[in-house]
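This report covers a pocket and a helix. The sequence and structure come first.

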Amino acid sequence: MLIPARYNGPPGTGNGGWCAGVFAQAAGIAQAQVTLRVPPPLEVGLDLRDDGVWAGGTLVASVEPAGSFPDVGVAPVPHAEAVIAAKGFPGFTRHPFPGCFVCGPDHPDGLRIFPGVLPDGRTAAPWTVPDEVTEPTVWAALDCPGGWAAIASGRPYVLGRITAAIDALPEPGAECVVVGAATAISGRKATVESAVHGPDGRRLAAARAIWIAVG
């Protein structure tokens, strides 16, 4: 495996959601839990072994079946409401990683998912699905909207662990809505949930993740 530079998160490292999706797909696990042990390197050959993904002698990520995946997933909001929320995306004025593939306004070829904060603290963003949509694409879409439910407080976080389940890939060009919510914040750790909903409001994918505060 190799993570191309396009799929970056923080500078010089891979977007956590995208990389987790690549690792889960390579392991052949449809419903997986991926724990990032170090920031995934870009443009570096990675090997899948029985106990995880390695870059030479460094363990990058652990990958394992999620087992009985709980029925998580933030309730959907109408597309029009998500559009309004996205206009207030905190990352437009203060973003810890403005070049992020998923939510970075400075990324020239990213997913451009800009989750704004709803009155109840959830996040929501519209998402026009790209022509080439894969399982890692959906893992990536599930990543940042959950994280911004914690990041919006002003403290930067990075993904530590994500468990995701995909019921169906969205259609290319579909106008989806991605939502997120923080379910617990304690010390440096934030537990968040997220979901991708199709144009008809049907949940297509959901995730639960742990984000770790940095700095």
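What volume does the largest pocket have? In this predicted model, the largest pocket has a volume of about 310 Å³.

## Pocket lining

The lining of the largest pocket consists of 23 residues. Nearest the centre of the pocket are Pro-10, Gly-14, Gly-16, Val-158 and Leu-159. By class, the lining holds 15 nonpolar, 6 polar and 2 charged residues.

Two elements, helix 3 (135-151) and strand 7 (157-166), each contribute at least two residues to this lining. Helix 3 gives the largest share, 4 residues.

## Helix 1: span and ends

Helix 1 covers residues 16-27. Its 12 residues, at 1.5 Å a residue, should span 16 Å. The C-alpha atoms at its ends are 16 Å apart, which agrees with that expectation.

At the start of helix 1, the backbone nitrogen of Gly-17 has a side-chain oxygen of Asn-15 within 3.1 Å. After helix 1 comes Gly-28, with a positive phi near 70°.

## Helix 1: burial

Of the 12 residues of helix 1, 9 are buried, so the helix is largely enclosed by the rest of the structure. The buried residues are Gly-16, Gly-17, Trp-18, Cys-19, Ala-20, Gly-21, Val-22, Phe-23 and Ala-24. Gly-16 is thus on two lists: it is buried in helix 1, and it is one of the residues nearest the centre of the largest pocket.

The cover over these buried residues includes strand 1 (32-36), strand 3 (52-55), strand 4 (58-65), helix 3 and strand 7. Helix 3 and strand 7 also supply residues to the pocket lining.

Technical notes. Residues numbered from 1 in each chain as written. Predicted model: local features only at pLDDT ≥ 70, side-chain atom pairs only at ≥ 80, totals over all residues. Heavy atoms only, no water. 1 Å grid on protein atoms, 1.4 Å probe; cavity = no way out; pocket = protein on both sides within 12 Å on 5 of 7 lines; lining within 4 Å. Points joined across faces, edges and corners; volume = space filled by probe spheres on them. Nonpolar A, V, L, I, M, F, W, Y, C, P; charged D, E, K, R; others polar. Expected span 1.5 Å × (residues − 1). Buried < 20%, exposed > 50% of the residue type's maximum accessible area, 1.4 Å probe, protein only. Contact = heavy atoms within 4.5 Å. Polar contact = N/O pair within 3.5 Å; in protein donor to acceptor, adjacent residues only side chain to side chain.
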